[in-house]
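Please keep the viewer open beside this text and make each selection as it is named. The tour moves from stop to stop, and each stop says what to select and what is there.

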Amino acid sequence: MHPPHPTTPVRRRPRRPARRPRVLLAAAALALIAGCGTETGASTTAEKTGAAAARKPAKPAVPAGLPGMPPVLDPKDLYAADRPNKLSPVVKNFPTKVYVPNTNSNTVSVIDPTTYRVVETIPVGVQPQHVVPSWDLKTLWVNNNRGHTLTPIDPATGKAGKEVEVHDPYNLYFTPDGKYAVVMASMDRELVFRDPHTMERKKTTPVTCYGVNHADFSADGRYFIVSCEFSGELLKVDTARMEVVGQQKLPLDGAMPQDVKISPDGKTFYIADMMAHGIWVLDGEKFTKPTLLPTGEGAHGLYISRDSKEMYIPNRGEGSVSVFDFPSNKLTKKWWLPDGGSPDMGGVSADGKVLWLSGRYDSEVYAIDTATGKQLARIPVGDGPHGLAFYPQPGRYSLGHTGVFR
């Protein structure tokens, strides 16, 4: 989150009629008259054809995915490609690091997760918000929101490249087909679709809400849900058309939605809300009014465990992490940071054993054991750490943010 804009105030299957005895008698008479058995052969063929038709598989319930999108590996688990240490050949040789954008220091702190120490500090543009893995997994993009640039980092070498001019890049996502980057231009009130490599602008979609910031895509990739933090609204966007097709105000005065994440089964979207102190539960297909599940003060980020059974929800305002269990559909645990803190954005380690979160207002990063909830380390970094990325992570491709992989 950043300060608001200054001017922002079944059909039933019909029953098959019973076969009447006279049909059988007529068929027998025809067979006797024909003698050669031709009619009997025809009848047998018809029966075989009918049997074949009965065995014909039903049409799939889920529509085909967005053209060009890698096929879903398991319809019951969208995160099936994210299992522990299941690294793509593209990233398997990359050194493992934690990249932390410090919004007030205009730097990225690089942490060695084996020693819990900062090993490098990379100067970047003004007000870096998130470190975002590209769709093809080859680049990390630092979103310099007020510098109006993106800084590319080569994760193979850890070296920063030449900045690319992009206006108001608060956050960055990629369409599931890899065709476009989607810049969340929060202050400009735009969704900007760009070339995913050159960042050349392809289409600008104005929005009427304030503070577009986070998103996630449907199971078939055909639409995505966007949160608007400053006006407390949600958008539904058609991916191929690149147009807003739905918009609604959250049913709470002062709502401030943040991170968005879809459930493993693809049926539900969850939206963290730092002023509602919980997560909104939304049917993305129907886009009806969501319900609120309280988690803790300042609910902010949403991260899925490597077995797709849990979701970690950092509550920035109270220094805790709530754990939501998908099989039982309820909150089951809450972990408290021993000395308080402001857990914000982050990600899960490649082996799934550690949850990494930035301490937004405390110039630190937290490493938390996902088996016990115990704090493993508290690491000093620059001022205003925000959307950190643990990299590399398992997955075939990235949808953006701090690492949403499928």
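Is Asp344 buried or exposed? Select Asp344 in this predicted model and compute its accessibility: the relative accessible area is 0%, so Asp344 counts as buried.

**Stop one: the salt bridge of Asp344**

Add Arg316 to the selection, and you will find that its side chain meets that of Asp344 in a salt bridge, with N and O 2.6 Å apart. The two residues belong to distant parts of the chain, since Asp344 is in strand 25 (residues 343-348) while Arg316 is in the loop between strand 22 and strand 23 (320-325), 28 residues away in sequence. Arg316, with a relative accessible area of 5%, is buried as well. Now show Arg360 too, for salt bridges with shared partners join Arg316, Asp344 and Arg360 into one network.

**Stop two: other salt bridges**

Over the whole structure, a search finds twelve salt bridges. One of them is formed by Glu190 and Arg201, whose closest N and O atoms are 3.9 Å apart; this pair, too, links distant parts of the chain, with Glu190 in strand 11 (residues 190-194) and Arg201 in strand 12, eleven residues apart. Arg201 is partly exposed, at 39% relative accessibility. Select Glu200 and Lys202 next, where a salt bridge of 3.6 Å from N to O brings the two side chains together. Glu200 has a relative accessible area of 47% and is partly exposed, and Lys202, at 45%, is also counted as partly exposed.

**Stop three: the disulfide**

Display the sulfur atoms of Cys209 and Cys228, which are 2.1 Å apart and form a disulfide; the structure holds one such link. If you set a dihedral about the S-S bond, the value is -50 degrees, and the link is left-handed. Cys209 is in the loop between strand 12 (201-206) and strand 13 (212-217), whereas Cys228 is in strand 14 (residues 223-228), so the disulfide ties together parts that are 19 residues apart in sequence. Cys209 is buried, its relative accessible area being 0%, and Cys228 counts as buried, likewise at 0%.

**Stop four: the nonpolar cores**

Which residues touch the most other members of the largest nonpolar core? Select Phe269 and Met311, which hold that place among the 25 residues of the core. Strand 14, strand 17, strand 18, strand 19 (278-282) and strand 22 (310-315) each supply at least two residues of this core, and the largest share, four residues, comes from strand 18. Around Phe269, leaving out neighbours within four places in sequence, the contacts include Phe217, Tyr223, Ile225, Val260, Ile262, Trp280 and Leu282. A second, separate core has 22 residues, among them Leu191, Phe217, Met242 and Tyr397.

**Stop five: Ser263 and His401**

Move to Ser263, in the loop between strand 17 (257-262) and strand 18 (269-273). Ser263 is buried at a relative accessible area of 3%, and a polar atom of its side chain lies 3.3 Å from the backbone nitrogen of Lys267. Apart from residues up to four places away in sequence, Ser263 touches Leu78, Tyr79, Thr268, Tyr270 and Phe326.

Then select His401, in the segment after strand 29 (389-391). His401 is buried, with a relative accessible area of 1%, and a polar contact of 3.2 Å joins its side chain to that of Asn171. Beyond four places in sequence, the residues in contact with His401 include His130, Pro133, Tyr173, His214, Asp259 and Met345.

**Stop six: the aromatic pairs**

The last stop concerns rings, of which the structure holds twelve aromatic pairs. The rings of Phe94 and Tyr391 have centres 6.4 Å apart and planes at 35 degrees, so the pair is tilted. Because Phe94 lies in the loop between helix 2 (38-55) and strand 1 (97-102) and Tyr391 in strand 29, the pair ties together parts that are 297 residues apart in sequence. Both Phe94 and Tyr391 are buried. A further tilted pair is that of Tyr116 and Trp356, with 5.9 Å from centre to centre and 40 degrees between the planes. Tyr116, at 28% relative accessibility, is partly exposed, whereas Trp356 is buried at 1%. To finish, add Phe405 to the selection, since ring pairs link Phe94, Tyr391 and Phe405 into a cluster.

Key:
Residues numbered from 1 in each chain as written. Predicted model: local features only at pLDDT ≥ 70, side-chain atom pairs only at ≥ 80, totals over all residues. Heavy atoms only, no water. Buried < 20%, exposed > 50% of the residue type's maximum accessible area, 1.4 Å probe, protein only. Polar contact = N/O pair within 3.5 Å; in protein donor to acceptor, adjacent residues only side chain to side chain. Contact = heavy atoms within 4.5 Å. Disulfide = S-S within 2.5 Å. Core = buried A, V, L, I, M, F, W, Y, C linked by side-chain atoms within 4.5 Å. Salt bridge = Lys/Arg side-chain N within 4 Å of Asp/Glu carboxyl O. Phe/Tyr/Trp six-rings, centres within 6.5 Å; stacked < 30°, edge-to-face > 60°.
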